[in-house]
Amino acid sequence: MKKNIISLLLIPVIVLSGCTKKNSTDELKVSANSKEPYYVDKYCNIYENGLIYHDKNNGTLRYLNFDTMESTVFCSKPNCSHNTSECIAKMIEGSPFIYNNYMYFFDAKEGINETSDGSEFFIDSKLKKVSLETSEIEVVSEFTDCEPDSHGGYFVIDGNMIYFCGNDMNPKKDEFGGISYANGGGEFFVCSINLDTGEYTNYGKIYNGEEYPGMDQSASVNLRGIYNNKIYIENSFMKEYDDSFDCDPRDKFTILNFEFDLKTHEIKQSELPDGSHMGDDFYVYSNYPEISTTILEKDKKYIVEGADAKTIGKYFNGRLFILDKWYDIADGSCHSLGEEYSDFRILTTYDKYYIFATGGNGKFLKLTEEELLALG
């Protein structure tokens with residue numbers, strides 16, 4: 001029996017994540033062609049000139065062109081109705097990505113097999129690729145020790161390598177031989193797959209510290225991004241489990257920040273606090289319980305008083321965006337998106353525009369610098 005674990009990562013209502021991107025291009029190609037590693041999450045899968053996302057109404061994979069702000073179904077199969085499970089746009093979950101003219105995606109299953117020796121828990125994880133020309137699907141790699149955490153929705157691409165967090169699904173066998181499992185509370189790993197050879201590597205557990213009673217029901221990880229060639233991973237858990245949430249969850253959860261070095265493949269606890277947004281040369285984190293946010297940018301450090309980035313604060317063009325407000329780090333002034341756009345959250349920047357979306361990428365908005373400043 002599968003259980004869903006309550007964790008700090010599931011508590012925030014806003015699930016929109018900010019992204020960073022390279023310079024724009026007229027071609028539909030992902031930053032994978034770049035030599036620089038980049039981060040992808042399930043709500044912010046940015047191409048050079050657009051966004052790959054799932055339609056929250058029907059789950060269909062779509063592409064939003066930032067130049068035209070028009071959305072189309074991401075399917076190359078001729079005469080496809082996009083209404084059946086045979087459609088590529090219906091089949092793919094999580095965050096797909098493009099490498100060498102193929103779209104890659106994770107497909108993971110878990111469950112119980114009944115054998116002559118009793119019940120056995122199994123994991124069947126695959127990285128697959130589909131040809132953008134023929135729609136033919138191939139299996140690139142298979143592994144059975146874990147599932148890509150959050151269904152493969154958060155990962156880092158570095159050249160021909162994909163790095164992600166794995167989850168052992170926390171299987172438990174009771175005294176009667178029954179098996180339960182959950183999407184949290186177990187062991188979490190850093191893993192990689194070579195996209196050219198399919199070679200899978202598990203680099204080991206993220207957290208090797210003291211075990212607490214509440215971890216079995218609350219522990220989870222979240223791959224937050226990449227900064228200075230290190231992948232940052234949030235590991236949160238309750239030392240004593242408590243399912244009542246009458247306070248800020250950060251008062252109940254222990255939050256540890258780990259880093260994975262892309263060069264040495266070492267996993268260790270970071271000296272930096274857990275970040276809400278990061279990129280090639282910046283890192284953003286909340287100073288909770290103090291209500292302020294720190295932004296590290298190159299060799300400079302900014303502190304924005306009265307702004308709590310939590311896990312959702314995003315940084316673009318010298319501005320800290322939190323929900324429907326943004327702060328100018330130059331003078332600390334606070335600005336609003338206004339009543340009309342109060343449901344929109346920053347997604348990314350493109351060319352001279354700011355791209356916003358409602359929760360789950362339901363609606364999109366593109367604003368110029370002048371239009372943003374005119375809102376308040």
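**Figure 1. The hairpin of strands E27 and E28 in the predicted model.** Two residues lie between the strands of this hairpin, and Leu323 takes a positive phi near 55°. Strand E27 covers residues 319-322 and strand E28 covers residues 325-328. The pairing of E27 with E28 is antiparallel and is made over four bridges. To follow the pairing, start at Leu320, which stands opposite Tyr327 in E28.

**Figure 2. The hairpin of strands E28 and E29.** Strand E28 also pairs with strand E29, residues 334-336, in the antiparallel sense. Three bridges hold this pairing on record in the model. Tyr327, which faces Leu320 in the previous view, stands opposite Cys334 in E29. Five residues lie between E28 and E29, and Gly332 takes a positive phi near 75°.

**Figure 3. The hairpin of strands E31 and E32.** Strand E31 is made of residues 353-357, and strand E32 of residues 364-368. The two strands run antiparallel and are joined by five bridges. One pair to look for is Ala357 and its bridge partner in E32, Phe364. Six residues lie between the two strands. In the turn, Gly360 has a positive phi of about 75°.

**Figure 4. Lys363 in the loop between E31 and E32.** Is Lys363 buried or exposed? Its relative accessible area is 56%, and a residue counts as exposed when this value is over 50%, so Lys363 is exposed. Which residues does Lys363 touch, leaving out those up to four places away in sequence? They are Phe344, Phe356, Ala357 and Thr358. Among them, Ala357 is the bridge partner of Phe364 in the hairpin shown above. Lys363 can also be viewed together with Asp55. The two residues are 308 residues apart in sequence, while their C-alpha atoms are 9.9 Å apart in space.

**Figure 5. An open sheet of four strands.** The strands follow the order E22-E23-E24-E25, and their pairing is antiparallel. Strand E22 (277-278) and strand E25 (300-305) stand at the edges. Each of these edge strands has a single partner strand, so one side of each is left without a neighbour in the sheet. Strand E24, residues 292-297, is joined to E25 by six bridges, and the two run antiparallel. Within this pair of strands, Thr293 stands opposite Val304 in E25.

**Figure 6. The whole protein, for placing the close-up views.** How many helices and strands does the secondary structure of the protein have? There are three helices and 32 strands. The radius of gyration is 21 Å, close to the 21 Å that the globule rule gives for 376 residues, so the protein is as compact as a globular protein of that length. The C-alpha trace spans about 70 × 55 × 40 Å along its principal axes. Of the 376 residues, 51% count as buried. Among contacts between residues at least 6 apart in sequence, 50% join residues at least 24 apart. The accessible surface of the protein is about 17700 Å², and 44% of it belongs to carbon and sulfur atoms. The side chains include 36 positive and 62 negative ones, and the centres of these two sets lie 3 Å apart.

Key: Residues numbered from 1 in each chain as written. Predicted model: local features only at pLDDT ≥ 70, side-chain atom pairs only at ≥ 80, totals over all residues. Heavy atoms only, no water. Pairing = 2+ DSSP bridges. Rg over C-alpha atoms; globule rule 2.2 N^0.38 Å. Buried < 20%, exposed > 50% of the residue type's maximum accessible area, 1.4 Å probe, protein only. Contact = heavy atoms within 4.5 Å. Areas by Shrake-Rupley, 256 points an atom, 1.4 Å probe, with all protein chains shown as cover. Lys, Arg positive; Asp, Glu negative; His and termini not counted. Charge placed at Lys NZ, Arg CZ, Asp CG, Glu CD.
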